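Please open the structure in your viewer and keep the sequence panel visible. The tour proceeds by selection: each stop names what to select and then describes what is found there.

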Amino acid sequence: MTATARRAEALGARLPPLLVAAERVAATVWQGVHGRRRVGQGDSFWQYRPFVAGDSAARVDWRRSARSDRLFLRETEWEAAQTVGLWRDGSASMRWRSRAASGEKVERAEVLLLALASLLLRGGERVRLVAPGGRSVSGRVGLERLAEGLEGLAGEELPGAVGLPRFARVVLIGDFLGPLDEIRDCVGAMAGVPVSGHVLQVLDPAEALLPYRGRVRFHGTEREAATVVPRVEGVRAAYAARLAEQQAGLAAISAAAGWGFAVHRTDHPPEAALLGLYAALAPEAGRR
Amino acid sequence: MIFAAPWVLLALTALPLLWWLLRITPPAPRSEVFPAIRLLLGLAAVEETPARTPWWLLALRMAAAGLIIVGLARPILDAGAGLAGSGPLLLVVDDGWASAADWGPRMQAADGVLDRAERAGRRVALLATAADASGDAPAASVVMPVAEARARLAALRPKPWPVDRALAAAALRRWGERGSAVYLADGLTDGAGWDGFAQALRAVGPVVELRDAVAPARLLLPPKAEADRLVVRLAQVPRAVADRAAVLAQSGDGRSLARVELQFAPGQGVAEAALKLPPELRNRLTRLVLAGPASAGGVALLDERWRRRPVGLLAGDETVADIPLSGPLYYIKRALAPYAELREGSLTQLLSRQLSVLVLADRVVAAGPEQDAIEKWVEQGGLLLRFAGPRLAEHPDGLLPVTLLGGDRQLGGAMSWSKPAELAPFAAESPFAGLAVPAEVKVHQQVLARPDAQLAGHTWARLSDGTPLVTEAVRGAGRIVLFHVTANADWSDLPLSGLFVQMLRRMVDLSVGVSGAEDASGVKLAPVETLDGFGQPGAPPPVAGALTAAELARALPSPRHPPGLYGPESGRRVLNLATHLGVPVAAAEIGGARQERLGAAAPERALAPWLIAAALALLAVDLLVSLRLRGLFRASIAAGMVLMLGMGGAQAALNPDTNPALVTRLAYLVTGDARLDGISKAGLEGLSEQVNQRTNAVLAAPAPVVPGEDDLSFYPLIYWPISADQPAQSGAAVAALNDYMAHGGIIVIDTRNGGSGEGFAAGADAALPRIAAGLAIPPLAPLTPQHVLAHSFYLLQDFPGRYTGATVWVQRDQDRSNDSVSPVIIGGHDWAAAWAVDADGRNPYATIPGGARQRVIAYRFGVNLVMYALTGNYKGDQVHVPAILERLGQ
């Protein structure tokens with residue numbers, strides 16, 4: 001009991017700054033992307049329009065119509081919320097930072113995830129974690145419940161498509177350094193639901209640039225065998241090529257499923273990545 | 001520089017191999033965690049030339065390896081020359097008194113010899129030339145390895161007796177082995193047998209002689225006692241240059257009472273200097289010590305013989321003897337009292353104790369037991385000093401140096417034509433020789449000796465007409481001296497003159513010391529305290545034996561009779577090393593021996609430990625550098641180490657000298673009067689010293705405080721002397737003092753005019769109300785012996801300072817909030833002056849009415865005061881302890 005309580009306490013202690021950080025990031029983005037002002041399913045009044053043939057008589061707003069000779073229909077604003085599934089990689093490789101970075105990759109991933117969720121919730125969307133048993137939340141309180149759920153999200157393996165509603169949107173945040181086949185399986189399974197989505201690769205600057213020098217013994221974070229590189233300078237170019245190949249593979253997998261793909265480095269400001277995600281998730285709003 | 005293990009240097013040839021090995025071995029990789037390792041896995045093939053160990057790291061490691069190799073080869077700096085000869089080495093060490101002064105360098109030199117013997121792989125035998133402490137004659141030890149000899153050598157100590165050349169020569173001849181010898185000489189012949197010793201030493205084999213060019217040993221000869229001074233004599237081997245030395249005269253508790261400088265002219269062997277001391281100080285002297293290195297030769301012990309002589313006084317008519325200006329003993333007492341111990345009483349009383357001089361002033365000795373007793377005493381060495389007078393002129397007795405003519409002779413009287421006679425100058429052989437004869441001394445009347453052939457020989461002083469004034473005769477070991485005039489001014493002006501004092505002192509000086517009279521007795525004197533080779537007194541060794549006084553006077557120091565104190569406390573005798581030793585004589589260098597100077601060569605220094613340490617330091621640097629290269633040594637760790645080192649420096653900022661919160665100290669209020677503040681400061685310093693000595697409290701130097709400016713809360717006690725012209729305290733100061741008193745502080749206000757000191761500080765009483773206006777002084781009551789202050793440390797009945805007798809005032813009512821501690825104590829005893837101690841440790845202010853007791857009680861009051869300030873009513877509470885214990889028991 002005590003262990004659970006302690007962990008909850010530790011989680012709670014981490015929650016507020018994360019939430020605040022997410023809120024702050026979201027507030028700066030909100031002004032750039034406009035709201036969804038159009039007719040649709042919803043509770044709030046949007047406009048009256050003249051009755052045209054074919055409209056159901058039940059939809060006539062008799063109070064408005066009584067003030068004139070014509071019949072009017074009352075239209076409400078479209079409020080049909082989209083469900084967005086969010087996932088971040090919580091494996092050991094994400095819980096690492098190099099000396100040049102300001103924080104671990106998983107921290108940046110969670111900030112982005114919660115900031116995105118904050119934006120989405122403020123937009124009235126339904127947000128859930130891509131995990132077995134994940135529940136959709138909405139409203140401002142939903143962010144805290146999401147953050148609580150996020151702490152419980154181990155996320156050590158790529159997620160399955162279980163429980164995702166059809167035509168939902170998915171955002172996967174992780175370093176995606178594993179084999180491309182596993183990623184392809186994951187994305188393929190989701191795309192088959194069908195679910196569209198976005199993949200964001202979060203990389204540490206050291207992973208992007210391989211800044212080491214001399215003779216270095218590298219240890220993995222997830223039980224990989226260690227390897228000694230006699231001269232790191234000598235393999236830097238080859239490593240860059242490998243990384244580009246991995247990213248090209250990810251982009252190809254995403255494109256094949258109709259998904260988006262982006263790369264973010266932890267030494268870059270998170271706002272740019274958030275903006276990119278937002279724009280990617282709201283293409284209609286941009287097109288309106 | 002030599003190498004003790006040169007073959008190790010061969011390993012230096014392996015250094016290039018090491019270089020090559022280090023060069024081809026890549027440096028250990030740094031360790032890095034890297035999540036994207038999967039992308040790196042196949043990339044090893046792209047490798048180019050492997051990283052090499054940097055050249056400077058290689059150089060560092062090569063230097064460390066080189067240092068270790070050179071260090072293991074054991075280089076030795078300033079190594080001495082090799083030892084001649086082969087076979088066992090005989091190390092002959094002079095360990096008599098003469099070697100003590102430079103014993104350290106001698107042992108160092110002997111160690112150096114053993115080092116050389118060890119390097120040469122030779123075994124060593126040891127021969128100390130003085131008899132050892134158990135009285136065994138010198139003998140060579142068995143031949144043993146150097147390590148064992150080293151232990152033996154370390155156990156060797158200088159002896160307080162001379163070396164025995166003859167027995168040492170015999171031991172050398174008995175030493176069967178033939179090898180070589182090293183002789184650590186003290187440079188003195190030390191009595192007979194030097195030539196035989198040198199010959200026996202040469203017979204052993206090649207000899208190396210280690211000695212100083214001139215023997216440094218100095219011998220403090222027993223001082224010569226004169227009437228008012230000791231003549232200190234110091235002997236040494238004559239040197240070519242002038243030299244000087246200092247001798248300290250010490251009392252029984254080891255304090256130096258005087259210091260006397262001695263000058264040696266070039267080539268002079270004995271220097272003398274007079275040590276003049278007041279009699280009371282001279283009586284406390286127990287030893288003379290040569291300043292400089294400790295040695296038995298530099299210590300001369302003193303016993304009763306160097307003390308002053310007791311003088312017995314006896315007058316013909318006891319009733320008038322002490323009448324001022326006319327009594328017969330009046331002038332004698334005044335003349336001798338500063339220089340001698342005077343005793344009075346009946347004849348039997350006087351003779352029952354040891355006596356040097358017996359003065360009979362116009363006292364006729366009755367024939368029979370009285371005369372026999374005096375005669376016996378004189379024959380044992382006493383000096384009988386007689387003065388003539390009417391009685392003696394009528395009844396000459398048997399104890400006179402010359403036969404007297406009946407009656408007395410008057411000069412210059414009303415019925416006489418002759419003039420009063422003057423004194424003739426003293427003859428050269430007279431003990432009074434050299435004394436100036438004042439012209440105004442006239443002799444009106446005297447007794448006359450019967451002229452005969454021997455009279456001139458018995459005469460020490462004459463009148464100008466040739467008649468004897470002072471005559472003497474030797475009786476046995478003693479002497480009888482007669483002044484032909486009275487001891488008062490009836491017959492002559494002599495007792496009125498300074499000459500009389502000088503003559504009497506010469507007389508007393510002639511007498512022997514009192515303990516000399518016991519020499520004839522057969523009582524054995526046991527050793528009580530003996531000196532070791534360094535002149536330090538200690539318990540006598542087990543073999544030391546008793547000897548009679550006569551034997552003691554002749555004894556030469558030896559293991560059985562080491563120099564020191566012998567006999568019971570009442571009649572302590574000393575046996576001095578130098579009494580029969582004579583002036584030290586320099587020994588010639590041993591012919592054919594290689595000469596080396598003691599202390600000329602620097603001692604050998606082994607470099608190996610330093611080289612190995614340097615190598616280890618380099619390796620430590622290498623370790624840090626390697627850690628840095630592998631990424632295990634973080635800047636944060638280094639910063640932490642630097643920070644920890646810096647912590648030490650940070651603590652230095654808390655200086656107890658300037659920060660009053662760190663130590664307890666008393667305080668005095670700065671009055672502005674420099675003299676008054678000086679007394680307060682000196683007084684509290686003296687009191688703090690007393691408190692530190694006598695109690696567990698530790699007080700630092702007292703602090704001057706200005707209320708209102710300084711924070712008073714650190715001080716348990718503030719002393720405030722009042723003077724008439726002191727300005728009143730300002731409002732802030734009064735507020736600070738009131739706050740101080742309200743929070744447990746104690747202010748001692750001293751008007752310095754109480755009791756016996758009334759009138760000393762005029763106007764202080766009037767000034768007190770003006771100065772202390774505004775102070776919240778509670779109702780006061782006299783301080784009684786029942787008050788806690790009177791038994792907080794000592795039990796006190798009164799509370800004196802420099803003055804005594806006035807009332808001291810304390811708070812009347814018990815104030816539970818303040819632990820019943822009186823916040824103010826007012827008195828007028830000038831306590832600070834009583835406590836004051838000047839730079840020389842003396843008390844500059846006399847107590848009034850006076851006495852050491854008053855000062856002691858003043859200090860006790862001060863200690864009580866401090867204890868009261870520090871512990872509050874703790875002592876007052878202690879009276880309840882039995883009741884509390886009883887209640888706890890129930």
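Select helix 3 (residues 105-122) and helix 4 of chain A in this predicted model. Their axes come within 10 Å and cross at roughly 155°. Angles over 145 degrees count as roughly antiparallel, and helix 3 of chain A and helix 4 of chain A are therefore roughly antiparallel to each other. The crossing of these two helices is right-handed.

Next, display the side chains where the two helices meet. From helix 3 of chain A, select A:Glu110, A:Leu113, A:Leu114, A:Ala117, A:Ser118 and A:Leu121. These residues meet A:Gly142, A:Leu143, A:Leu146, A:Ala147 and A:Leu150 of helix 4 of chain A.

Keep helix 4 of chain A, residues 141-152, selected by itself. From the first C-alpha to the last, its 12 residues reach 18 Å, which is close to the 16 Å expected at 1.5 Å a residue. Which residues of helix 4 of chain A are buried? They are A:Gly142, A:Leu143, A:Leu146, A:Ala147 and A:Leu150. Because they cover an arc of only 140° around the axis, they lie on the same side of helix 4 of chain A.

**Helix 5 of chain A**

Move to residues 180-191 of chain A, which form helix 5. What span should its 12 residues have at 1.5 Å a residue? The expected value is 16 Å, and the end C-alpha atoms are 16 Å apart, so the two agree.

Within helix 5 of chain A, colour A:Ile183, A:Cys186, A:Val187 and A:Met190, which are buried. These residues are on the same side of helix 5 of chain A, because they cover an arc of only 90° around the axis. To see what covers them, add further elements of chain A to the selection, including strand 5 (169-174), strand 6 (196-203) and helix 7 (232-257).

**The contact between the chains**

Helix 7 of chain A also leads to the next stop. Show both chains and select the residues in contact: 27 residues come from chain A and 22 residues from chain B. On the side of chain A that touches chain B, the elements that give two or more residues are strand 7 (216-219), strand 8 (227-229) and helix 7. The largest share of that side, seven residues, comes from helix 7 of chain A.

**A loop in chain B**

In chain B, select B:Glu589, which is placed in the loop between strand 31 (573-575) and strand 32 (594-597). Is B:Glu589 exposed, partly exposed or buried? B:Glu589 counts as partly exposed, because it has 14 C-beta neighbours inside 10 Å. Leaving aside residues up to four places away in sequence, B:Glu589 touches B:Glu209 and B:Gln595. Now add B:Leu210: it is 379 residues from B:Glu589 in sequence, yet their C-alpha atoms are 9.9 Å apart in space.

**Each chain as a whole**

Finally, zoom out and view the chains in turn. Chain A has nine helices and nine strands. Of its 288 residues, 35% are buried. Among contacts in chain A with a separation of 6 or more, 74% are between residues 24 or more positions apart.

Chain B contains 24 helices and 40 strands. Its 890 residues include 40% that count as buried. For contacts in chain B between residues at least 6 apart in sequence, 77% join residues at least 24 apart.

Notes: Residues numbered from 1 in each chain as written. Chains lettered and ligands numbered in written order. Predicted model: local features only at pLDDT ≥ 70, side-chain atom pairs only at ≥ 80, totals over all residues. Helix = DSSP H or I, 4+ residues; strand = E, 2+ residues; numbered from the N terminus. Expected span 1.5 Å × (residues − 1). Buried ≥ 20, exposed ≤ 12 C-beta atoms within 10 Å, placed from the backbone. Arc of directions from axis to C-beta. Contact = placed C-beta atoms within 7 Å. Axes fitted to C-alpha atoms, helices over the stretch in contact; angles between N-to-C directions. Parallel < 35°, antiparallel > 145°, perpendicular 65-115°, else oblique. Left-handed = near helix turned anticlockwise from the far one by under 90°.
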